[in-house]
Amino acid sequence: RDDLVTGVQTCALPIWVKRLGFNLIFVLLWWQSSMSFARDISFQSLMEGYKETYKRSLKWYGEAASLGLAEAQYNLAIHHYLGLGTALDSNRARSLLKRAAEQNYVRAQELLGIMAWRGEGGPKDPELAMDLLEQAASSGSTNANLLLGMLQSQGTSDSRALALYKKAAEAGSVEGAYLLGISLLTSPEPDMNLSQGALWILRAAEKNHPLAQLNAGLISLAGMGIESNRIEALRWFLLASKSQNPEAQYQAGYLYETGTSEEKIKAERWYRKAAIQGHREAQARLGFLYTSGSIVQPDTHDAFKWTRRAAEQGHPQAQYNIAHLLFRGIGHDRDLVKAFAWMLLADQQQLEEASKALPYLKQQLSPSEQKQANKLFMKGALEIFGGGETLAGLSTTPAIKSEPEAKSEAKPEPAKVKSL
């Protein structure tokens with residue numbers, strides 16, 4: 001492996017989690033606030049009629065909140081904030097949280113601080129946000145320390161963020177350990193912090209933090225702060241894959257493909273798992289495996305399908321390979337116009353093989369066909385690199401054709417740890 005880049009891998013969150021804030025820490029906040037509710041109402045009733053249940057709880061919390069009970073005010077705010085049994089109403093949620101926070105209810109201070117920071121349910125007020133979170137942190141809230149660290153890391157106070165993450169991590173917060181490890185690994189002076197960053201990442205990974213497990217695999221493979229260990233890297237990738245992380249699945253596939261002959265046969269399974277989730281490197285790799293037949297049985301249908309999907313996501317090697325498949329008529333009817341358009345897209349990304357192949361392809365087309373290919377290229381470039389969603393002109397329905405012939409191997413992508 002040639003180039004191992006440092007950084008952090010993140011994943012998308014469900015939309016309702018995104019409404020709560022920056023990270024999975026907010027799931028914890030909601031879970032904690034719901035415990036008294038869960039004690040009174042069985043989870044079976046939630047599954048069978050959660051809408052009616054939320055309406056009843058909304059009534060109960062409303063009555064208790066009117067009596068000035070801070071916990072009820074907080075839980076009622078959560079119902080309005082998430083639209084549980086009622087319409088979404090950030091203004092009402094913020095008003096209720098303010099009343100609970102004034103009674104020093106820590107969880108209300110935490111969520112109200114985030115809403116004030118983001119301008120939800122009222123004007124943006126960073127000063128109020130920091131003040132509320134500082135109050136919660138002074139009451140011993142580990143969550144508040146994490147939230148403060150997240151907010152500080154968005155500004156210029158990286159040292160302050162590190163201190164807050166460390167405080168949360170030392171208090172036993174798995175999320176704090178993960179964020180501290182990531183911050184140390186991506187700090188302006190990584191050489192001084194690599195070993196400590198790796199240590200905290202591994203601590204969080206051992207506590208089954210999925211993203212920490214993924215990054216533990218990446219640093220184990222790259223030798224970042226710890227000794228490089230392929231076996232350990234694979235172990236962490238497989239553990240992270242249990243949470244259906246496509247990057248972990250892809251990395252597991254890569255290690256299997258580049259491993260022993262017994263391991264290679266497992267690569268297709270893991271590439272496919274990641275490819276189904278839209279991981280373009282896995283799609284490109286899977287397409288090549290089916291084209292070459294080097295590990296699995298050749299399959300022109302799957303070769304074309306997965307190569308095309310990666311190409312449509314802007315993968316330059318896949319764009320070159322789909323052009324080759326179309327030129328040869330592998331997995332689809334031969335189509336020189338589309339082959340030339342895909343090759344132009346690969347060349348646009350400065351793929352050397354594409355630049356070398358273009359003159360020969362151009363000679364196979366008439367002037368009118370070249371003009372048609374250029375139109376497809378312009379449309380494809382706009383949709384791939386300009387935010388379009390489809391490639392109607394270039395996308396085609398594959399049909400099984402002749403035996404595959406691999407023109408150019410799409411080399412597996414090395415492990416990457418991307419910045420937070």
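So, which helix does Ala 72 lie in? The answer is helix 4, and I'll come back to that residue in a minute. One thing up front: what we're looking at is a predicted model.

Let me start with the whole protein. The secondary structure comes to 22 helices and 0 strands. There are 420 residues, and 51% of them count as buried. Now take the contacts between residues with a separation of 6 or more: 57% of those come from residues 24 or more positions apart.

Okay, back to Ala 72. Is this residue buried or exposed? With a relative accessibility of 6%, Ala 72 counts as buried, because the cut-off is under 20%. If you set aside neighbours within four places in sequence, Ala 72 is in contact with Tyr 61, Ala 64 and Ala 65. You can also check Ala 72 against Leu 58: they're 14 residues apart in sequence, and C-alpha to C-alpha they're 9.6 Å apart in space.

Tyr 61 came up just now as one of the contacts of Ala 72, so let's go there. Tyr 61 is found in helix 3, which runs over residues 43-66. Tyr 61 is buried too, at a relative accessible area of 12%. From Tyr 61 to Ala 77 you count 16 residues in sequence, and the C-alpha atoms are 9.4 Å apart.

Staying in helix 4, residues 70-82, have a look at Gln 73. Gln 73 has a relative accessible area of 2%, which makes it buried. What does its side chain sit by? A polar atom of the Gln 73 side chain lies 3.3 Å from the backbone nitrogen of Ala 100. Again leaving out neighbours within four places, the contacts of Gln 73 are Ala 65, Gly 68, Leu 96, Arg 99, Ala 100 and Gln 103. Notice Ala 65 there, which is also on the contact list of Ala 72.

Next up, helix 10. Helix 10 has 12 residues, which should span 16 Å at 1.5 Å a residue, and its end C-alpha atoms are 17 Å apart, so that agrees. How many of its 12 residues are buried? It's 11, so helix 10 is largely enclosed by the rest of the structure. Among the buried ones you'll find Glu 175, Tyr 178, Ser 183 and Leu 185. At the start of the helix, a side-chain oxygen of Ser 173 reaches to within 3.5 Å of the backbone nitrogen of Glu 175.

Helix 10 also has a packing partner. Two packed helices are described by the angle between their axes and the distance between the axes. Here, helix 10 (residues 174-185) packs with helix 12 (residues 210-222) at an angle of about 35°, and the axes are 10 Å apart. The crossing is left-handed. On the helix 10 side, the contact is made by Tyr 178, Ile 182 and Leu 185, and on the helix 12 side by Leu 211, Ala 212, Asn 215 and Ile 219.

Now on to helix 13, residues 230-241. It has 12 residues and reaches 16 Å from first C-alpha to last, close to the 16 Å expected. Which residues of helix 13 are buried? They are Ala 233, Leu 234, Trp 236, Phe 237, Ala 240 and Ser 241. Looking down the axis, the buried residues fall within an arc of 165°, so they line one face of the helix. At the start of helix 13, a side-chain oxygen of Asn 229 comes to within 3.1 Å of the backbone nitrogen of Ile 231.

Further along is helix 18, residues 300-312. Its 13 residues reach 18 Å, close to the 18 Å expected. Of those 13 residues, 10 are buried, so helix 18 is largely enclosed by the rest of the structure. The buried ones include Asp 302, Lys 305, Trp 306 and Arg 308. What caps the N-terminal end? That's Asp 299, with a side-chain oxygen 3.0 Å from the backbone nitrogen of His 301. After the helix comes Gly 314, whose phi is positive, near 90°.

Last stop: Gln 370, in helix 22, residues 367-385. A polar atom of the Gln 370 side chain lies 3.2 Å from the backbone oxygen of Leu 365. Leaving aside neighbours within four places, Gln 370 is in contact with Lys 362 and Leu 365.

How values were computed: Residues numbered from 1 in each chain as written. Predicted model: local features only at pLDDT ≥ 70, side-chain atom pairs only at ≥ 80, totals over all residues. Heavy atoms only, no water. Helix = DSSP H or I, 4+ residues; strand = E, 2+ residues; numbered from the N terminus. Expected span 1.5 Å × (residues − 1). Buried < 20%, exposed > 50% of the residue type's maximum accessible area, 1.4 Å probe, protein only. Arc of directions from axis to C-beta. Polar contact = N/O pair within 3.5 Å; in protein donor to acceptor, adjacent residues only side chain to side chain. Axes fitted to C-alpha atoms, helices over the stretch in contact; angles between N-to-C directions. Left-handed = near helix turned anticlockwise from the far one by under 90°. Contact = heavy atoms within 4.5 Å.
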